[in-house]
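Some terms used for protein and DNA rest on a cut-off. The questions below ask how each term is earned.

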There are 2 protein chains.
Amino acid sequence: MPEHYLTIRQMCDAYDVTPRTLRFYEAKELLSPVRQGTRRLYTRRERARLKLVLRGKRFGFSLEDIRQLLDLYDTSGQNLAQIQRAHELAKERLGDMIRQRDELTVAIDDLRQQMDWGSEVIASLTSTSTSAAE
Amino acid sequence: MPEHYLTIRQMCDAYDVTPRTLRFYEAKELLSPVRQGTRRLYTRRERARLKLVLRGKRFGFSLEDIRQLLDLYDTSGQNLAQIQRAHELAKERLGDMIRQRDELTVAIDDLRQQMDWGSEVIASLTSTSTSAAE
DNA sequence: AGTGAAGTTGACGTGAACGTAAGGGATACG
DNA sequence: CGTATCCCTTACGTTCACGTCAACTTCACT
């Protein structure tokens, strides 16, 4: 299976980001594409990481937060202490995410109610003509 | 029932924000406290709005996004067209929020799995001594 | 009238997350 | 060999969401 590489442009098209963004993420150590001479080539691993970065951003995590999360996704050869530390960190993050989802659920219900009320208002205004004639 | 006002400092203490933040939100038309002379006094309405602002921020919405959301929370005396427009807007936001929650659910499950795997690694490393002596 | 605490308006500073040129290499094609 | 097309680095500019500091009022006391 011949590792299928993508150029920076192909990445941009595939994930709807700019080259600047990919280079920026690399500078922040979120990505580390291989080099063919001076050019960047992105592997399957980088694509997976980018997906996680973009997802994390939608949750409101900072790039630094995301970097730490990513670092525990490939706990490549570390010692026990580091793994345990990473595990603790992940636990906190998980707590954050769960709290966030719970809040989001509440907000969704709120907005739904508000919209139901809005629907009624609209219905009453469209059926019984109140002020303006048609 | 005598509308219970809060000073800016009381607001800051209650919601853990700085005065600068409250004034900034006011400049962005997210809040509009009444004035007693030159000083700001915050009503129940402002407190509710602030809560929504802080919640929205945790979801990764920009202040401008939040302002639009707030504007449909108090659809105070508008015409039908405006209400309908607001309703459409709310529908889009609601879609965003639901999508966001779904993604968050996936991410949570992902992280949970990753952590389970991490737990196993830790367990195996703590029971059978591998490299380092104790 | 003096002093201090709390509040006000500017105005400039800051960190995060990129945008936007400016100028230079490498590779392919006619 | 020219030039067209990507790509690269360097570096300064920008937007958002405030932080920070300066220079006043305003109010409550004493």
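Residues around the DNA strands

Q: Which residues are closest to DNA strand D, and how many surround the strand?
A: In this predicted model, 19 residues surround DNA strand D. The closest are Thr38(A), Arg40(A), Thr18(B), Tyr25(B) and Lys57(B).

Q: What makes a residue count as near DNA strand D?
A: One of its heavy atoms must lie within 4 Å of the strand. Tyr25(B) has a side-chain N or O atom 2.7 Å from a phosphate oxygen of DNA strand D; the cut-off is 4 Å, so Tyr25(B) counts as near.

Q: Why is the pair between Lys57(B) and DNA strand D called a polar contact?
A: An N or O atom in the side chain of Lys57(B) is 2.8 Å from a phosphate oxygen of DNA strand D. A polar contact needs a pair of N or O atoms within 3.5 Å, so this pair is a polar contact.

Q: Which part of Leu63(B), backbone or side chain, supplies the polar atom 3.0 Å from a phosphate oxygen of DNA strand D?
A: The atom belongs to the backbone of Leu63(B). The distance of 3.0 Å is within the 3.5 Å cut-off, so this pair is a polar contact too.

Q: Which element gives the most to the surface near DNA strand D?
A: H2(B) does, with 4 residues. Helix H1 (8-15), helix H2 (19-27) and strand S2 (39-41) of chain A also each supply at least two.

Q: What do the residues near DNA strand D divide into by class?
A: There are 4 nonpolar, 6 polar and 9 charged residues. Arg40(A) is among the closest residues, and Arg counts as charged.

Q: Which residues are closest to DNA strand C?
A: They are Thr18(A), Tyr25(A), Leu63(A), Thr38(B) and Arg40(B), and 18 residues surround the strand.

Q: Why does the pair between Arg39(B) and DNA strand C count as a polar contact?
A: A side-chain N or O atom of Arg39(B) is 3.5 Å from a base nitrogen of DNA strand C. The limit is 3.5 Å, so the pair counts.

Q: Where on DNA strand C is the partner atom of Leu63(A)?
A: The partner is a phosphate oxygen, 2.8 Å from a backbone N or O atom of Leu63(A).

Q: How much of the DNA strand C contact is sugar or phosphate?
A: Of the strand's atoms within 4 Å of the protein, 65% belong to sugar or phosphate and the rest to bases.

How values were computed: Residues are numbered from 1 along each chain as its sequence is written. Chains are lettered from A and ligands numbered from 1 in the order in which they are written. This is a predicted model: local features need pLDDT of at least 70, side-chain atom pairs count only at pLDDT 80 or more; totals for chains, interfaces and linings use all residues. Side-chain values use heavy atoms; hydrogens and water are left out. A polar contact is a pair of N or O atoms within 3.5 Å; within protein, one must be able to donate a hydrogen and the other to accept it, and residues adjacent in sequence count only if both atoms are side-chain atoms.
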